[in-house]
Amino acid sequence: TARSATGGNIAGAWVALRDEAAGCTRCPLYKPATQTVFGEGPVDAELMFVGEQPGDQEDLAGRPFVGPAGQVFDQALAEAGIDRTRVYVTNAVKHFKFEPRGKRRIHSKPGVGEIDACRWWVEQERMLVTPRLTVALGATAARSLLGRTVTIGRERGRPIELADGGEGWITVHPSYLLRITDPAQAAEESARFVEDLKAAAARLG
Ligand code: URA
């Protein structure tokens, strides 16, 4: 494994892993994308967040959750009292999948084949960081983490034992909150998202 091959140098192993991911061709998504968007954050983080895939802005910046969904995420983390600089943030799929429409690039959902091809990277990241808790944001991340398709509504907001002995936690994706048009429902779902994040952080004691 990545961790046992490190001789204890986790930070060095993480840099090597990130550099290797920059050349990933495990699925065809690397071709039209600008770059691999690898995870970021302290390698000794106790809390890891897994998103879906980079969006347009993340693809250009090379960093996860810096666009509109990232702003919703940052706001929710702040409300939940979680310091983003202390958590590790990554994505289930590390290249932006999109449909060109004129000058715009429209996000398209990664398929199971792409999620499962990219799962190897998330597993390596988890092996190096060994977070006490990994939070899956939405169905794509949940599929990556659990290796099976789950219903968010049924699994959210409680600890889930992972195959590698770690602990998982499932909640919605911040983009889901951006898509809600009814203001009252948006406020309610945002509050529920923050509660999920608070409850996850509370697992760390
Ligand atoms: N949505 C995600 O799931 N991840 C990102 O990095 C940006 C948007």
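Let me start with lysine 31, which is found in the loop between α1, residues 10-21, and β1. I should say at once that what we are looking at is a predicted model. Is lysine 31 buried or exposed? With 8 C-beta neighbours inside 10 Å, lysine 31 counts as exposed, because the cut-off for that class is 12 or fewer. If you follow the chain on to lysine 97, you have moved 66 residues along the sequence, and yet the C-alpha atoms of lysine 31 and lysine 97 are separated by 10.0 Å.

From that loop the chain leads on to β1, and this brings me to the strands, where I would like to dwell on β5, residues 133-137. Here the picture is one of cover, since 5 of the 5 residues of β5 are buried. This holds for both faces of the strand, with Leu133, Val135 and Leu137 buried on one side, and Thr134 and Ala136 buried on the other.

Which strands does β5 pair with? One partner is β1, residues 47-51, which runs parallel to β5 and is joined to it by 4 bridges; within this pairing, leucine 47 stands opposite leucine 133 of β5. Another partner is β7, residues 167-171, which also runs parallel to β5 and is joined to it by 5 bridges; here threonine 134 has glycine 168 of β7 as its bridge partner. So leucine 133 and threonine 134, both of them buried, take part in these pairings, the former facing leucine 47 and the latter bridged to glycine 168.

Let me turn now to the helices. Helix α4, residues 112-129, packs against helix α5, residues 138-146, at an angle of about 60°, with the two axes 9 Å apart. The two helices are therefore oblique to each other, and their crossing is right-handed.

For a second helix pair, please look at α3, residues 68-79, and α8, residues 183-202, which pack at an angle of about 60° with their axes 9 Å apart. That angle makes α3 oblique to α8, because it falls neither under 35 degrees nor within the range from 65 to 115. As α3 passes α8, the crossing is right-handed.

Finally, the ligand. It is surrounded by 13 residues, and the closest are Gly51, Glu52, Gly55, Pro64 and Ala69. Two of these names link back to elements I have already described, with Gly51 falling in β1 and Ala69 falling in α3. As for the make-up of the shell around the ligand, it has 4 nonpolar, 7 polar and 2 charged residues.

How values were computed:
Residues numbered from 1 in each chain as written. Predicted model: local features only at pLDDT ≥ 70, side-chain atom pairs only at ≥ 80, totals over all residues. Buried ≥ 20, exposed ≤ 12 C-beta atoms within 10 Å, placed from the backbone. Pairing = 2+ DSSP bridges. Near = placed C-beta within 6 Å. Nonpolar A, V, L, I, M, F, W, Y, C, P; charged D, E, K, R; others polar. Axes fitted to C-alpha atoms, helices over the stretch in contact; angles between N-to-C directions. Parallel < 35°, antiparallel > 145°, perpendicular 65-115°, else oblique. Left-handed = near helix turned anticlockwise from the far one by under 90°.
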